[in-house]
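Trainee: I would like to go through this model slowly, asking at each step what justifies the words we use for it.
Mentor: Then let us have it in front of us and set each value against its rule.

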There are 2 protein chains.
Amino acid sequence: MNPSLYILKIGGKVLENDVKLENSLKVFSKMEGAKILIHGGGKKASEFCQKMDIIPKMVEGRRITDAATLEVVAMVYAGLINKKIVSQLQSYDCDAIGLSGADGNVIQAIKRPVKTIDYGFAGDIKNINKQLIINILNQNLTLVFCSLTHDKKGQLLNTNADTIATSIATALVDNFEVQLQFQFEKKGVLKNPKDDDSYFKKIDADDYIIYKQTGIITDGMIPKLDNAFAAKAQGVKKVCIAETEII
Amino acid sequence: MNPSLYILKIGGKVLENDVKLENSLKVFSKMEGAKILIHGGGKKASEFCQKMDIIPKMVEGRRITDAATLEVVAMVYAGLINKKIVSQLQSYDCDAIGLSGADGNVIQAIKRPVKTIDYGFAGDIKNINKQLIINILNQNLTLVFCSLTHDKKGQLLNTNADTIATSIATALVDNFEVQLQFQFEKKGVLKNPKDDDSYFKKIDADDYIIYKQTGIITDGMIPKLDNAFAAKAQGVKKVCIAETEII
């Protein structure tokens, strides 16, 4: 049997809140076996854009990454948040190493082609260098990825952290029993957005279609669930959105 | 005989100038054998501090790193500059991986004790994890270090890049024939600061004492030369400040 690999994506308000982040990292640091953490940082990036008088541009909940925004994204994701997480994990005796997709050419992407919307320096994943990931995990290091990729032509690109988590998880299914969890500020996928305890224990693909049709699942949860179901369909052993298991 | 290792520290105005940086990285990417690049980024950090209305504090040419400045330093060094360099090297088919001292606990430091001056979050190097460096170099990866360390208690620290270069070089002298070069905007250690071509071809320790006494070598060059002589004394095979060789 393949060894286990736990992949945790941390996003949303967990990254904003020092206490929540600390708790998450403490729990993560204690997990047995090989581990990968993936983080975004969009809200923090927007905050720094504001400080620098760069106006964040969003279309349909997705960031439009112009050159100035990309600089901020690189600084906040790969610098501020990634190194903060790595140093905190180190303090819990979890030997973490933080990478962007450019490092070791680990996540190669292509700049998203312009169709109706020009997303700017947004990257769609082309290749995961799984051998590098395996080599690093085999040194008993815990990987911490920020959501920054590159095109191997010298251009950094901004890539959605959920998509990175799914791509890394699915790239490693032949080598590990992969468990993938998307953590955010809620306890799971909620039946009632106003009731934090109303989360689904489990959702299967048929339920998901119905819940979308009936409007129980909407908006920001849809890309997250699409990523989760894609991971499950591609052989990830266990996929959870917070406490909601995708079956 | 040990394999060769070339360590290049890039600093000063080379980092400020896209053309100069590109040229340096192109030459570096073509060097044979194991390679490590170390960079600072103080001027860029000062620039971003200004954009965010943080006033850079300097005492005797050294940065006082308060909490707000440390955030900027982490963003600029580990995010902006490190990932820019890594992605550029990747585009030249140099398989680079960028780290801070927190990653893999590779450079552990202690917060500089307060004597007459409180340097804030400045770190003095305590330990280099040379086994991790060797393991990564053995995977045919080129290491790119930014000048950010940590105390293993969750605190990032700002450490002088020349000192990091010297510490890494000397830590590896038993495993490699190490060559260390400090690159900056001048061609070498100048006899006459107004004449860029007046650089010394070679300097030995006796010369250095005389040049300091006679005021030919002053100011910013002194810590650089002190680092260079320390590296040479501790077994680094060849040490150069730009084209000036320390003998």
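Mentor: Let us begin with a cut-off: a residue is called buried when its relative accessible area is under 20%, exposed when over 50%, and partly exposed in between. Please keep in mind as well that this is a predicted model.

Trainee: Why is A:T170 called buried or exposed, whichever word applies?
Mentor: The relative accessible area of A:T170 is 16%, and because the limit for buried is under 20%, A:T170 counts as buried. A:T170 is found in helix α5 of chain A, and, leaving out residues up to four places away in sequence, A:T170 touches A:A231, A:Q234 and A:V236.

Trainee: What makes helix α5 of chain A mostly covered?
Mentor: The helix runs over residues 161–171, and nine of its 11 residues are buried. Among the buried residues are A:D162, A:I164, A:I168 and A:T170. At the start of α5(A), a side-chain oxygen of A:N160 comes to within 3.0 Å of the backbone nitrogen of A:D162.

Trainee: How do you know that A:K224 and A:D162 form a salt bridge?
Mentor: The rule asks for a side-chain nitrogen of Lys or Arg within 4 Å of a carboxyl oxygen of Asp or Glu, and the side chains of A:K224 and A:D162 meet at 3.1 Å, N to O. A:K224 lies in helix α7 (residues 221–233) of chain A and A:D162 in helix α5 of chain A, so the pair ties together parts that are 62 residues apart in sequence. Both A:K224 and A:D162 are buried.

Trainee: Which class does each partner in the pair B:R112 and B:D124 fall into, buried or partly exposed?
Mentor: Their side chains meet in a salt bridge of 2.9 Å, N to O. B:R112 lies in the loop between β6 (107–111) and β7 (123–128) of chain B, while B:D124 lies in strand β7 of chain B, so parts 12 residues apart in sequence are tied together. At 16% relative accessibility B:R112 counts as buried, whereas B:D124, at 26%, counts as partly exposed. Returning to chain A, salt bridges that share partners join A:K9, A:D162 and A:K224 into one network.

Trainee: What makes the radius of gyration of chain A agree with that of a compact globule?
Mentor: For 247 residues, a compact globule would have a radius of gyration near 18 Å, and chain A has 17 Å, which agrees. Along its principal axes, the C-alpha trace of chain A spans about 45 × 40 × 35 Å. Of the 247 residues of chain A, 55% count as buried, and the chain has seven helices and 14 strands. Among contacts in chain A with a separation of 6 or more, 68% come from residues 24 or more positions apart.

Trainee: How many residues does each chain bring to the contact between chain B and chain A?
Mentor: The contact takes 40 residues from chain B and 40 residues from chain A. Together the two chains bury about 2900 Å², with 63% of it on carbon and sulfur atoms. Between chain B and chain A there are 12 residue pairs in polar contact, both residues being at pLDDT 80 or more. On the side of chain B that touches chain A, α3(B) gives the most, with 15 residues. By class, that side has 17 nonpolar, 14 polar and nine charged residues.

Trainee: Which salt bridges cross from chain B to chain A?
Mentor: The rule finds four across this interface. One of them pairs B:D103 with A:K83, the closest N and O atoms being 2.9 Å apart. B:K83 likewise forms a salt bridge with A:D103, with the closest N and O atoms 2.9 Å apart. This pair runs from helix α3 of chain B to the loop between β5 and β6 of chain A, and B:K83 and A:D103 are both buried.

Trainee: Why is A:G104 called buried or exposed, and what does A:G104 touch?
Mentor: Its relative accessible area is 0%, so A:G104 counts as buried. A:G104 lies in the loop between β5 (96–99) and β6 (107–111) of chain A. Not counting residues up to four places away in sequence, A:G104 touches residues including A:N129, A:L132, B:Q90 and B:L141. A:G104 and A:L132 are 28 residues apart in sequence and 7.2 Å apart in space, C-alpha to C-alpha.

Terms used: Residues numbered from 1 in each chain as written. Chains lettered and ligands numbered in written order. Predicted model: local features only at pLDDT ≥ 70, side-chain atom pairs only at ≥ 80, totals over all residues. Heavy atoms only, no water. Contact = heavy atoms within 4.5 Å. Buried area = accessible area lost by both parts, 1.4 Å probe. Polar contact = N/O pair within 3.5 Å; in protein donor to acceptor, adjacent residues only side chain to side chain. Helix = DSSP H or I, 4+ residues; strand = E, 2+ residues; numbered from the N terminus. Nonpolar A, V, L, I, M, F, W, Y, C, P; charged D, E, K, R; others polar. Rg over C-alpha atoms; globule rule 2.2 N^0.38 Å. Buried < 20%, exposed > 50% of the residue type's maximum accessible area, 1.4 Å probe, protein only.
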